[in-house]
Amino acid sequence: MAFIVNDVDISAAEPKELLFDKHVEYIANHGNDQNDFEYCMTEFLRMSGIYWGVTALDLMQQLEKLDRKSIVEFIKKCQCPTSGGVAACEGHDPHMLYTLSAVQILCIYDCLDQIDVAGVARYVASLQQPDGSFFGDKWGEVDTRFSFCAVAILTLINKLDVINVPKAVEFVMSCCNADGGFGSKPNAESHAGLIYCCVGFLSITNQLHRLDCEKLAWWLCERQLPSGGLNGRPEKLPDVCYSWWVLASLTIMGRLHWISSDKLKVFILSCQDTDTGGFSDRTGNLPDIFHTLFGLGALSLLGHDKLLKVNPTFCMPQYVLDKLKINTQIISV
């Protein structure tokens, strides 16, 4: 074989059904104990943590389990009055990643008017560089994740015209590799998470025709291991979050049927914690809110009957995008 296969074993004792009620309880209680070690150590990504929880519960039609008012007030406190960007937590610098999470939450709650939307647009536009790329924040890191964040934010707030979209597309396509995949910047290794960002970017900007879908879809299909799980790169272990990154990319390209959905479902369901609820990265590990959303999101893409339909480009319930009248490009095969 060309590559080493790193995989996991799934025992017959692992759960075969979605532990719906346990997941609702796990998500609803997440972060309630502010003295908890995990809560204190994850302050730097608190805004994204709230997005993961809000979106997961909305997909489960249990959004009322969270305190909408306190969440919206928290977001308002995290917006920088000078730059317009949103931080992960009060006292932190604003960043593109957390600005997107904040906007996604507010769209789900249908209250974008609670923040300075013009300030958000100004912040995103200020981070675009002459080559079309985007910094993540004022400190200057360039990554295709931030290109996706930029167009996602601006589409959700209906301000896409404040950036140079053709230059942004040019930069993203400069990050395309010979294997059909994408990296974080030109000549960087292809990675399933970054492929999702670039495919999602092209979906939002109506540029999917620029992809070599046959080549890219095969690369993504090769991420499926004998256990049914998906990895992000050759030789890596499977991880529930790649169930989302890979499946969403294949869905946007109209090639979801190119992998074994049944085997992937078995892997995802095996990563549930039968005691506390929540999903872990892989079978037998401790759950977290990040993998819980992406496990549920992947099951939604696979058509699970207890979950609302998820939009593969934005990782938000489809009804929210319908309400905003946002249509993203999807290839039909």
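## Helix H5

Helix H5, which runs over residues 96–108, has 13 residues and reaches 19 Å from its first C-alpha to its last, a value close to the 18 Å expected at 1.5 Å a residue. The structure described here is a predicted model, and that should be kept in mind throughout the report. Of the 13 residues of H5, 12 are buried, so the helix is largely enclosed by the rest of the structure.

The buried residues include Met-96, Tyr-98, Thr-99 and Leu-100 in the early part of the list, and Ile-105, Leu-106, Cys-107 and Ile-108 in the later part. What do the buried residues of H5 pack against? Their partners are helix H3 (46–59), helix H4 (68–78), helix H6 (117–126), helix H7 (144–156), strand S2 (316–317) and helix H14 (318–323). H5 is followed by Asp-110, a residue whose phi is positive, near 55°.

## Helix H9 and its contact with H8

Helix H9 is mostly covered, since 13 of its 13 residues are buried. At 1.5 Å a residue, the 13 residues of H9 should span 18 Å, and because its end C-alpha atoms are 18 Å apart, the model agrees with that expectation.

Two packed helices are described by the angle between their axes and the distance between the axes. For helix H8 (residues 165–173) and helix H9 (residues 192–204), the axes come within 11 Å and cross at roughly 150°. An angle over 145 degrees counts as roughly antiparallel, and H8 is therefore roughly antiparallel to H9. The crossing of these two helices, H8 and H9, is left-handed. On the H8 side the contact is made by Ala-168, Val-169, Val-172 and Met-173, while H9 contributes Cys-198, Phe-201 and Leu-202. Sorted by character, the residues of this contact between H8 and H9 are seven nonpolar, no polar and no charged.

## The loop after H9

The loop between H9 and H10 holds Asn-206, and Gln-207 lies in the loop between H9 and helix H10 (213–221) as well. Most residues other than glycine have a negative phi. Asn-206, however, has a positive phi of about 55° although it is not a glycine, and this residue comes just after H9.

Is Gln-207 buried or exposed? Gln-207 has a relative accessible area of 17%, and because buried means under 20%, it counts as buried. Asn-206, by contrast, counts as partly exposed, at 45% relative accessibility. Leaving aside its neighbours within four places in sequence, Gln-207 is in contact with Val-169, Leu-202 and Gln-329. Val-169 and Leu-202 also take part in the contact of H8 with H9.

## Helices H10 and H11

H10 and H11 pack at an angle of about 150°, and their axes are 10 Å apart. That angle makes H10 roughly antiparallel to H11, and H10 passes H11 in a left-handed crossing. In this contact, Ala-217, Leu-220 and Cys-221 of H10 meet Val-246, Ser-249 and Leu-250 of H11. The residues of the contact of H10 with H11 divide into five nonpolar, one polar and no charged.

The loop between H10 and H11 contains Glu-235, whose phi is near 80°, a positive value in a residue other than glycine. At 36% relative accessibility, Glu-235 counts as partly exposed. Further along the chain, Ser-243 is found in helix H11 (residues 240–252). Ser-243 is buried, with a relative accessible area of 0%. Not counting residues up to four places away in sequence, Ser-243 touches Leu-230, Leu-264, Ile-268 and Ala-298.

## Ile-289 in helix H13

Ile-289 lies in helix H13, which covers residues 289–301, and at 7% relative accessibility Ile-289 counts as buried. Which residues are in contact with Ile-289, once its neighbours within four places in sequence are left aside? They are Tyr-26, Ile-27, His-30, Gly-49, Trp-52 and Gly-53.

How far apart are the C-alpha atoms of Ile-289 and His-23? Although the two residues are 266 residues apart along the chain, their C-alpha atoms are separated by 9.8 Å.

Conventions: Residues numbered from 1 in each chain as written. Predicted model: local features only at pLDDT ≥ 70, side-chain atom pairs only at ≥ 80, totals over all residues. Heavy atoms only, no water. Axes fitted to C-alpha atoms, helices over the stretch in contact; angles between N-to-C directions. Helix = DSSP H or I, 4+ residues; strand = E, 2+ residues; numbered from the N terminus. Parallel < 35°, antiparallel > 145°, perpendicular 65-115°, else oblique. Left-handed = near helix turned anticlockwise from the far one by under 90°. Contact = heavy atoms within 4.5 Å. Nonpolar A, V, L, I, M, F, W, Y, C, P; charged D, E, K, R; others polar. Expected span 1.5 Å × (residues − 1). Buried < 20%, exposed > 50% of the residue type's maximum accessible area, 1.4 Å probe, protein only.
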